[in-house]
Amino acid sequence: MKKFFAFSFYGFLVAFVYFFSITLSTPRLPNVNLQDGKTIPILIESVDLDGNTINHEALANGPILLNVWASWCIACLVEHPFLTEISANKELTLIGINYKDNLENAKKYLEKNGNPYDLSIFDYQGNYALKLGVTGAPETFLIIDGKIVKHRIGEINEKIWNDEFKNFF
């Protein structure tokens, strides 16, 4: 009887190690599909924070850094000083998408922290962000002539800029 339990224990141990090693060697797929290489979706009936209608051409020409932000987003506040710094680059248009936010809170956020954006799209319900494939704020897209060449989920800072975006300039 002791031999049976010992054999069963070793068999279980071998099976456990085998299945555990298969799990570790299985390549993991990313949870989110990045949007690199896709054409920017058409912007229909969108307005900025002042209620002015936005033309889709604003997103279709030249290098554009499209940043998804919200006043309730802590990581957006962390990345905000760096966005202010790169907004001085006149080769680049910085456009914000205010994502699922209250309009007054968004305006107060920019008044308090400074407005690095050349234009900020008000996306109260997140409809345009959904078309872009946004999962939350912050997210950043580098668009060159209407095509997404880089998509970053999460905060952007100097290191990330240098590692992932700067080579496009």
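1. **Aspartate 123, its place.** In this predicted model, aspartate 123 sits in strand E5, which covers residues 119-123. Its contacts beyond four places in sequence fall into two groups. One group is Ile97, Asn98, Tyr99 and Lys100. The other is Tyr128 and Ala129.

2. **Aspartate 123, its charge.** Does aspartate 123 count as buried or exposed? Aspartate 123 is buried, and yet it has no salt bridge. The nearest side chain of opposite charge belongs to lysine 100, and that is 8.4 Å away. A salt bridge needs the nitrogen and the carboxyl oxygen within 4 Å, so a distance of 8.4 Å does not qualify. Lysine 100 is still on the list of residues in contact with aspartate 123. The side chain of aspartate 123 does have a polar partner in the backbone. One of its polar atoms lies 3.0 Å from the backbone nitrogen of asparagine 127.

3. **The chain as a whole.** Step back to the full protein chain. How many helices and strands does the protein chain have? There are five helices and seven strands. Along the sequence their order is α-β-β-β-α-β-α-β-α-β-β-α. The pattern begins with a helix and ends with a helix.

4. **Burial and surface.** The protein chain has 169 residues, and 38% of them are buried. The exposed area of the protein chain is about 10400 Å². Carbon and sulfur atoms supply 58% of that area.

5. **Contacts across the sequence.** Take the contacts between residues at least 6 apart in sequence. Of these, 72% join residues at least 24 apart. Glycine 133 and proline 41 show how sequence and space can be compared. These two residues are 92 residues apart in sequence, while their C-alpha atoms are 10.0 Å apart in space.

6. **Glycine 133.** Where does glycine 133 lie? Glycine 133 is in the loop between helix H4 (127-132) and strand E6 (139-144). Its relative accessible area is 22%, so glycine 133 is partly exposed. The cut-off for buried is under 20%, so a value of 22% falls outside it.

7. **Serine 46.** Serine 46 belongs to strand E1, residues 46-48. Its relative accessibility is 9%, so serine 46 counts as buried. Leaving out residues up to four places away in sequence, serine 46 touches Asn52, Thr53, Ile54 and Ile121.

8. **Salt bridges of glutamate 164.** Side chains of opposite charge can pair when their charged atoms come close. The count of salt bridges here is three. One of them links glutamate 164 to lysine 150, with the closest N and O atoms 3.6 Å apart. Glutamate 164 is in helix H5 (residues 158-165) and lysine 150 is in strand E7 (residues 147-153), so the pair ties together parts 14 residues apart in sequence. Another links glutamate 164 to arginine 152, where the closest N and O atoms are 3.4 Å apart. Arginine 152 is also in strand E7, so this pair ties together parts 12 residues apart in sequence.

9. **How accessible are these partners?** Glutamate 164 has 23% relative accessibility and counts as partly exposed. Arginine 152, at 21%, is partly exposed too. Lysine 150 has 16% relative accessibility, so lysine 150 counts as buried.

10. **A salt bridge within helix H5.** Aspartate 163 and lysine 159 meet through their side chains, 2.6 Å from N to O. Both residues lie in helix H5, four residues apart, which is about one turn of the helix. Lysine 159 is exposed, with a relative accessible area of 58%. Which residues do shared salt-bridge partners join into one network? The network holds Lys150, Arg152 and Glu164.

11. **Aromatic pairs.** A pair of aromatic rings is described by the distance of the centres and the angle of the planes. The protein has five aromatic pairs. One of them is tryptophan 161 with phenylalanine 165, and it is stacked. The ring centres are 5.5 Å apart, with 5° between the planes. The two residues are four apart in helix H5, so about one helical turn separates them. Tryptophan 161 and phenylalanine 165 are both buried. Elsewhere, Trp69, Tyr109 and Tyr117 form one aromatic cluster.

Notes: Residues are numbered from 1 along each chain as its sequence is written. This is a predicted model: local features need pLDDT of at least 70, side-chain atom pairs count only at pLDDT 80 or more; totals for chains, interfaces and linings use all residues. Side-chain values use heavy atoms; hydrogens and water are left out. Buried means under 20% relative accessible area, exposed over 50%, partly exposed in between (1.4 Å probe, protein chains only). Contact means heavy atoms within 4.5 Å. Accessible areas come from the Shrake-Rupley method with a 1.4 Å probe; for residues, only the protein chains shown count as cover. Lys and Arg count as positive and Asp and Glu as negative; His and the chain ends are not counted. A polar contact is a pair of N or O atoms within 3.5 Å; within protein, one must be able to donate a hydrogen and the other to accept it, and residues adjacent in sequence count only if both atoms are side-chain atoms. Rings of Phe, Tyr and Trp (its six-membered ring) pair if their centres lie within 6.5 Å; planes under 30 degrees apart count as stacked, over 60 as edge-to-face and the rest as tilted.
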